[in-house]
Amino acid sequence: MESSSARSGGSTRREATRQKLYEAAVTLIAEQGFSATTVDEIAERAGVAKGTVYYNFASKSVLFEELLRHGVGLLTASLKEAAEATARAGGGKVDALDAMIRAGLVFIDRYPAFTQLYVAELWRTNRAWQSTLMVVRQEAVAVVEGVLREGVATGEFSDEIDVQLTAAALVGMVLVAALDWKSFQPERSLDDVHAALSRLLQGRVSGRV
């Protein structure tokens, strides 16, 4: 049997390979679409043999499905960390939502190709990975829902707030605003975009002007 250090090293190498494949796939699919992108191109862009792609993923569809899980998982983790860091610092729920908005913008700034792909896939209903996409989307939205519910319970937010719809609207606001920023207003800074969305949050969700 392999030693624990050998197994750990092998796992680390495999994760590094999968990361290269994710990055190659998201870039190519964002550039030319899923159907037009081939496994050969993904392998070439990642700098690995074609067999390495199939060793890690059963097919191109499985690779893309896992890419969605991986990417949205990173976003969800960053939202959770933003909320938890705010709580540790003694901030309120509006502060937590504001921190999550910034975390979302930072994520999109770092992974613009993935974000573009993710938003495009949300509109498609005939994909094999549609159910997976809905699950991971809900995981991200659920983090925001949790903060809203806590805010309603503590009286920071009105109990008239539709938690599900408001959470979805906040996530959607960040995604759409960030894509507009990247596509049409790239001269703006992340701080500038965050400040604009923060003012909207303060005025509409918290009820403050």
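This passage describes the domains, the nonpolar core, one helix and several salt bridges of a predicted model.

The domain assignment divides the protein chain into domain 1, which covers residues 11-57, and domain 2, which covers residues 65-201. The C-alpha centres of domain 1 and domain 2 are separated by 27 Å, and the contact between them takes nine residues from domain 1 and nine residues from domain 2.

The largest nonpolar core of the model contains 60 residues, and within this core Leu97, Met100 and Leu105 are the residues that touch the most other members. At least two residues of the core are supplied by each of helix 1 (4-32), helix 2 (39-46), helix 4, helix 5, helix 6, helix 7, helix 8 and helix 9 (190-204). Domain 1 and domain 2 each contribute at least three residues to this core. When residues up to four places away in sequence are not counted, Leu105 touches Val174, Ala178 and Trp181, and also Leu190, Val193, His194 and Leu197.

Helix 7 can be followed in some detail. With 24 residues (130-153) and 1.5 Å for each residue, helix 7 should span 34 Å, and this agrees with the 34 Å that lies between its end C-alpha atoms. Helix 7 nevertheless bends by about 25 degrees at Val141, and Val141 is itself one of the buried residues of this helix. The buried residues of helix 7 also include Gln130, Thr132, Leu133, Val136 and Ala140, together with Val143, Val144, Glu145, Val147, Leu148 and Gly151. Among the elements that cover these buried residues are helix 4 (60-88), helix 5 (93-110), helix 6 (112-122) and helix 8 (163-184). Just after helix 7, Gly155 adopts a positive phi of about 85 degrees.

The contact between helix 4 and helix 7 can be illustrated with Thr76, a residue whose place is in helix 4. Thr76 has a relative accessibility of 7% and therefore counts as buried, since the limit for this class is under 20%. Leaving aside residues up to four places away in sequence, Thr76 touches Val136, Glu139, Ala140 and Val143. Of these partners, Val136, Ala140 and Val143 are listed among the buried residues of helix 7.

Charged side chains form a further set of contacts, and the count of salt bridges comes to nine. Side chains of opposite charge can pair when their charged atoms come close. One such pair is formed by Arg69 and Glu66, whose side chains meet with an N to O distance of 3.6 Å. Both residues lie in helix 4, three residues apart, which is about one turn of the helix. Arg69 is partly exposed, with a relative accessible area of 39%, and Glu66 is likewise partly exposed, with a value of 24%.

A second salt bridge joins the side chains of Arg88 and Glu81 at 2.9 Å, again from N to O. Arg88 has a relative accessibility of 59% and so counts as exposed, a class that begins over 50%, whereas Glu81, with a relative accessible area of 38%, is partly exposed. In another salt bridge, the side chains of Lys93 and Glu150 meet at 2.8 Å, N to O. Lys93 belongs to helix 5 and Glu150 to helix 7, so this pair ties together parts that are 57 residues apart in sequence. Glu150 is partly exposed, its relative accessible area being 40%.

How values were computed:
Residues are numbered from 1 along each chain as its sequence is written. This is a predicted model: local features need pLDDT of at least 70, side-chain atom pairs count only at pLDDT 80 or more; totals for chains, interfaces and linings use all residues. Side-chain values use heavy atoms; hydrogens and water are left out. Helices (H or I, at least four residues) and strands (E, at least two) are DSSP runs, numbered from the N terminus. The expected span of a helix is 1.5 Å times one less than its number of residues. The bend at a residue is the angle between axes fitted to the seven residues ending there and the seven starting there. Buried means under 20% relative accessible area, exposed over 50%, partly exposed in between (1.4 Å probe, protein chains only). Contact means heavy atoms within 4.5 Å. A nonpolar core is a set of buried Ala, Val, Leu, Ile, Met, Phe, Trp, Tyr and Cys residues joined through side-chain atoms within 4.5 Å. Domain bounds come from an automatic or database domain assignment. A salt bridge is a side-chain nitrogen of Lys or Arg within 4 Å of a carboxyl oxygen of Asp or Glu.
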